[in-house]
Structure formats: C-alpha cells, structure tokens
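Q: I am new to this structure and would like a close look at one part of it. Please start from a single residue and work outwards from there.

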Amino acid sequence: MANFNLNKVILGGRLTADPVLKKTSSGVAVTSFSIAVNRKYASQEEPATDFINIVAWRKTAEFVCKYFRKGSSICLEGSIQTRKWQNQNGETRSAVDVVASEVYFVDSKAEQSAQGSFAGIGEANMETLADDEDLPF
C-alpha cells in the first residue's frame, strides 16, 4: 500500500480583528489572525463558533493586510501546521495553525466598500457583472 499524506484545509469565516503586517528579521512579510467559523450541531438551534488561528506569509500576508478588516468575510485554502515550544516555566506548549496559501474575497463589492476593505482598489481594477448568468457556477 502506498504512503498517502494529505494536508489541505478550506475554510470560510469572518476575521475577528484587523490583521497586522509584520516582517521577520530577514524582511519576510507575515501576518497572524483568526477567523470565526460556525459549526452546526444537529441538537442545537444556534451554531457553535470555532476560532481558527491563521498564518499567512509573503504576498498572501500583504494581500490580507491590505484588503481585509475585522468582520470581513474570507475564504482561504491552506494546510494545518503544529508547533511546540517551552514557556518560561519550562512547560511544553503546543498550538495548531492553518498556514494560508490562497485567500479569496467572499463579500460583495458593496459589503466590502461599506467596511472599507476595498480602500486602494481603483474602479478600473473591478469588473461588474450584469447578472449571475455570467458566473461559471
């Protein structure tokens, strides 16, 4: 039997805070943020909310910080990454993050404009579709 490994995550949710762009000591762009994702239980009327930690690097980090704000809807693809470290008391801690490789807009242009997330995008870069019949899905 062949060794099969797959680590792919697709998530859609809302940012819980404004993302902040940082640079590593070697100048690589990075941002860490979290998204709220609803999870439904059959026995509950209200969905539970999970808060997922996301890390984005380089151009993806710059894109997120430029166009997304707290409350923005976001869809992303990535992979799960675990990390371990020792705290100041010598205790081993661990965390699970999703490392985003692709990030997509979810909100309509009007919703994004109302949140201010499209600041800096000129109208010339936006295409307006007449109706949903032009969409490939």
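With which side chain does the side chain of Ser73 make a polar contact, and at what distance?

A: The side chain of Ser73 makes that polar contact with the side chain of Arg14, at 3.0 Å. A polar contact here is a pair of N or O atoms within 3.5 Å; within protein, one atom must be able to donate a hydrogen and the other to accept it, and residues adjacent in sequence count only if both atoms are side-chain atoms.

This is a predicted model, in which local features need pLDDT of at least 70 and side-chain atom pairs count only at pLDDT 80 or more, while totals for chains, interfaces and linings use all residues. Residues are numbered from 1 along each chain as its sequence is written, and side-chain values use heavy atoms, with hydrogens and water left out.

Ser73 is found in strand β5, which covers residues 73–86. Strands (E, at least two residues) and helices (H or I, at least four) are DSSP runs, numbered from the N terminus. Ser73 is buried, with a relative accessible area of 8%. Buried means under 20% relative accessible area, exposed means over 50%, and partly exposed is in between (1.4 Å probe, protein chains only).

Strand β5 has partners in β1 and β6; two strands pair if DSSP finds at least two bridges between them. Strand β1 (residues 9–15) is joined to β5 by six bridges, and the two run antiparallel. Here Gly12 stands opposite Cys75 in β5. Cys75 is partly exposed, at 23% relative accessible area.

β5 and β6 also run antiparallel, with 13 bridges between them. Leu76 has Val103 in β6 as its bridge partner, and Arg83 stands opposite Ala95 in β6. Ser73 and Phe105 are 32 residues apart in sequence, yet 7.0 Å apart in space, C-alpha to C-alpha. Five residues lie between the strands in the hairpin of β5 and β6, where Gly90 takes a positive phi near 85°.

Strand β6 (residues 92–105) is further joined to strand β4 (residues 48–57) by three bridges, and these two run parallel. Val55 stands opposite Val99 in β6. Ala48 lies in β4 as well and is buried, with a relative accessible area of 18%. Its C-alpha atom is separated by 5.7 Å from that of Asn38, 10 residues away along the chain. Contact means heavy atoms within 4.5 Å. Leaving aside neighbours within four places in sequence, Ala48 is in contact with Val37, Asn38, Arg39 and Tyr41.

Val55 turns up again in the surroundings of Thr31, a residue of strand β3 (residues 29–39). Leaving aside neighbours within four places in sequence, Thr31 has contacts that include Val20, Ile54, Val55, Ala61 and Cys65. The side chain of Thr31 reaches the backbone oxygen of Val20 at 2.9 Å. Thr31 is buried, at 1% relative accessible area; Cys65 is buried too, at 12%.

A disulfide would be a pair of cysteine sulfur atoms within 2.5 Å. A search of the whole structure finds zero disulfides.

Phe105 also leads to a group of rings. Rings of Phe, Tyr and Trp (its six-membered ring) pair if their centres lie within 6.5 Å; planes under 30 degrees apart count as stacked, over 60 as edge-to-face and the rest as tilted. By this rule there are five aromatic pairs. The pair of Phe63 and Phe68 is edge-to-face because the ring centres are 5.9 Å apart and the planes stand at 65°. Phe68 is buried, with a relative accessible area of 0%, whereas Phe63 is partly exposed, at 25%. Ring pairs link Phe63, Tyr67, Phe68 and Phe105 into a cluster.

As for the whole, the protein chain has two helices and six strands, in the order β-β-β-β-α-β-β-α along the sequence. Of its 137 residues, 28% count as buried. Among contacts between residues at least 6 apart in sequence, 57% join residues at least 24 apart. The chain exposes about 9,900 Å², of which carbon and sulfur atoms supply 50%. Accessible areas come from the Shrake-Rupley method with a 1.4 Å probe; for residues, only the protein chains shown count as cover.
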